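User: I am new to this structure and would like a close look at a single part. Please keep the sentences short, and then place that part in the wider chain.

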Amino acid sequence: MSAVAIISPHPDDAVLSLWHLLAGPGEVQVLTVFNGPPPGYIELGWWDRLTRAGDPHERARERADEDRAALAISGREPVNLGFIDGQYREGPQDPEALADAIAAVAADDALLLAPASLDNHRDHLAARDAARLLAEKGRAVALYADVPHATIHGWPAWVNGTGAREYLDPEQFWDLATNNSGIALRELEPQVHTLEEESHAQKREAVRCYRTQLDALELEFGLFTRPEVLSHEVVWPLPAT
């Protein structure tokens, strides 16, 4: 397998979405983009408050430690790019600056994997936009279903093979999230990866390392009460430009 570089908006996104790559062979870089507040920042962000953080900088250190522990299960280490997390920013992240930072550390021949941003989280959008800029410059780029945001309404039947619910189309949610983005996921060829039992168990062990995040994520997305959320992963390679 050729080298890959996973663009992980936050500590946890790579583990949640692309365990089949992390636990697989070959060179895999994990580029964690948004790592916390700027120096001297003292206000708790909205996610900090929800997850009962006491100090934004201490919480950033905790999340970085959790990420290292989770990735260590697959023998990987994160490269932290040090951008300001969206909960502390007033405005959007400049995708050009982010693209430059990614290009500076990602292996020249690496396939870049960026979140598809399937519920329009601002940091996931920024990571996707940066990757698309790099695609325009000739880099190989693929999008991944950013779990658990992508699975708010479950997986489509072509992912988990259980058959569609009669009155539910999860892909319609994805269409809305990518509307006016220039991305038509339904026109791309998806690669579905279903984790074997052992790999699924390892992924669940890794996810449990994110102890400061789990209560909120579990209640909102059902990471463990809905086993299918973590057992499937989807990648869409973008056509070469």
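What is the relative accessibility of Glu27, and as what does Glu27 count: buried, partly exposed or exposed?

Analyst: Glu27 counts as partly exposed, because its relative accessibility is 44%. The cut-offs are these: buried is under 20% relative accessible area, exposed is over 50%, and partly exposed lies in between, with a 1.4 Å probe and protein chains only.

Two notes on the basis come next. This is a predicted model, in which local features need pLDDT of at least 70 and side-chain atom pairs count only at pLDDT 80 or more, while totals for chains, interfaces and linings use all residues. Residues are numbered from 1 along each chain as its sequence is written, and side-chain values use heavy atoms, with hydrogens and water left out.

Now the setting of Glu27. The residue sits in the loop between helix 2 (19-22) and strand 2 (28-36). Helices (H or I, at least four residues) and strands (E, at least two) are DSSP runs, numbered from the N terminus. Look next at what Glu27 touches. Contact means heavy atoms within 4.5 Å. Neighbours within four places in sequence aside, Glu27 is in contact with Ser2, Ala3, Val4, Arg76 and Ala107. Take Val4 from that list. Val4 and Glu27 are 23 residues apart along the chain, yet 6.4 Å separates their C-alpha atoms.

Step back to the whole chain. The chain holds 11 helices and 7 strands. Its C-alpha trace spans about 50 × 40 × 35 Å along the principal axes. The radius of gyration is 17 Å, which agrees with the value near 18 Å for a compact globule of 241 residues. That radius is taken over C-alpha atoms, and the globule rule is 2.2 Å times the number of residues to the power 0.38. Of the 241 residues, 55% are buried. Among contacts with a separation of 6 or more, 76% join residues 24 or more positions apart.

The surface has its own figures. The chain exposes about 11200 Å², and carbon and sulfur atoms supply 50% of that. The areas come from the Shrake-Rupley method with a 1.4 Å probe; for residues, only the protein chains shown count as cover. There are 20 positive and 39 negative charges, and their mean positions are 3 Å apart. Here Lys and Arg count as positive and Asp and Glu as negative; His and the chain ends are not counted. Each charge is placed at NZ of Lys, CZ of Arg, CG of Asp or CD of Glu.

Helix 2 comes before the loop of Glu27. Helix 2 also belongs to the cover over the buried residues of helix 9. That cover further includes helix 1 (13-17), helix 4, helix 10, helix 11 and strand 7 (232-237). The buried residues of helix 9 are Ser199, His200, Lys203, Arg204, Ala206 and Val207. Seen down the axis of helix 9, they fall within an arc of 160°, so they line one face. The arc is that of the directions from the helix axis to the C-beta atoms. Glu197 and Glu198 are exposed on the other side of helix 9.

His200 is one of the residues in helix 9. His200 counts as buried, because its relative accessibility is 15%. Its contacts, beyond four places in sequence, are Leu195, Pro227, Leu230 and Ser231.

Helix 10 (residues 211-221) also has a buried set: Thr212, Gln213, Leu214, Ala216, Leu217, Glu218 and Phe221. These pack against helix 3 (46-50), helix 4 (56-72), helix 9 (197-207) and helix 11 (228-231). After helix 10 comes Gly222, with a positive phi near 65°.

Other loops hold backbone details. Arg52 lies between helix 3 and helix 4. Its phi is positive, about 60°, although Arg52 is not a glycine. Arg52 is exposed, because its relative accessible area is 77%. Asn180 sits between helix 8 (170-178) and strand 6 (191-194). Its phi is also positive, near 65°. Asn180 counts as exposed, at 77% relative accessibility. Pro148 is in the loop between strand 5 (141-144) and helix 7 (157-160). The peptide bond from Val147 to Pro148 is cis, with omega near 5°.

One last residue sets a contrast with Glu27. Leu133, in helix 6 (residues 122-136), is buried, with a relative accessible area of 19%. Leu133 touches Pro95, Glu96 and Ala99, not counting residues up to four places away.
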